[in-house]
Amino acid sequence: MADTFIVPAIGTVAVFGWLAVHEWVEARRKEREEFYRSESLRRFSESNQPDMLTRFLADEKAVRHEMRVQQRESLRLAGLVTMMAGIGLGVVLAGLAPQQRYYLFSLVPFLVGVALLIYVYLLAPNAPAGE
């Protein structure tokens, strides 16, 4: 009887242990990136070449812009996939039980996909203030 709980217990401990280590490593990486960024800014501002600092800041601005574009594309794809999953679920549920209205459950993922697309196309800011 006790053997049936060992595998799920070990699996749970392993998953949450991995999550904890992953979050710690991710926090360290972000901290290290910010440290290197601040060191680069300090060195460029102390150097006798002001064009280096402006080039560095322009590159950072371009990278942030590219990240925003990539995030919007990811949200667009997620919205389309979620909508199609809702449509597919509705077709399957309507085919399994034609007399029942189970296909209405497919409105949940469909409307989540619609909400994602509305956000991407209508509500998402194009550029943050100050850029």
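A residue is called buried when its relative accessible area is under 20%, exposed when that area is over 50%, and partly exposed in between. This report applies these terms to a predicted model.

**A nonpolar surface patch**

Tyr119 has a relative accessible area of 38%, so it is partly exposed. This residue belongs to helix α3, which covers residues 107-123. Together with Ile118, Tyr121, Leu122 and Leu123, Tyr119 makes a nonpolar surface patch of about 570 Å².

**The largest pocket**

Rolling a probe the size of a water molecule over the atoms shows where empty space is left. The largest pocket in the model has a volume of about 240 Å³. Its lining consists of Glu33, Glu34, Arg37, Glu60, Val63, Arg64 and Met67. Helices α1 (3-46) and α2 (50-96) each contribute at least two of the lining residues, and the largest share, four residues, comes from α2. By character, the lining divides into five charged residues, two nonpolar ones and no polar ones.

**Salt bridges**

Side chains of opposite charge can pair when their charged atoms come close. The count for this model comes to seven salt bridges. The table presents three of these pairs, with the distance from N to O.

| Pair | N to O distance |
|---|---|
| Arg29 and Glu33 | 2.5 Å |
| Glu60 and Arg37 | 2.6 Å |
| Arg55 and Asp51 | 3.6 Å |

Why are Arg29 and Glu33 separated by about one helical turn? The reason is that the two residues are four residues apart in helix α1. Arg29 has a relative accessible area of 30% and is therefore partly exposed; Glu33, at 44%, also counts as partly exposed.

The salt bridge between Glu60 and Arg37 links distant parts of the chain, with Glu60 in helix α2 and Arg37 in helix α1, 23 residues apart. Is Glu60 buried or exposed? At 16% relative accessibility, Glu60 counts as buried, because the limit for that term is under 20%. Its partner Arg37 is partly exposed, with a relative accessible area of 32%. Both partners also appear in the lining of the largest pocket.

Arg55 and Asp51 lie four residues apart in helix α2, about one turn of the helix. Arg55 is partly exposed at 46% relative accessibility, and Asp51 is partly exposed at 43%. Elsewhere, salt bridges that share partners join Glu26, Arg29 and Glu33 into one network.

Conventions
Residues numbered from 1 in each chain as written. Predicted model: local features only at pLDDT ≥ 70, side-chain atom pairs only at ≥ 80, totals over all residues. Heavy atoms only, no water. Patch = residues over 30% accessible without salt bridge, like charges linked within 9 Å, V, L, I, M, F, W, Y side chains within 5 Å. Areas by Shrake-Rupley, 256 points an atom, 1.4 Å probe, with all protein chains shown as cover. Salt bridge = Lys/Arg side-chain N within 4 Å of Asp/Glu carboxyl O. Buried < 20%, exposed > 50% of the residue type's maximum accessible area, 1.4 Å probe, protein only. 1 Å grid on protein atoms, 1.4 Å probe; cavity = no way out; pocket = protein on both sides within 12 Å on 5 of 7 lines; lining within 4 Å. Points joined across faces, edges and corners; volume = space filled by probe spheres on them. Nonpolar A, V, L, I, M, F, W, Y, C, P; charged D, E, K, R; others polar.
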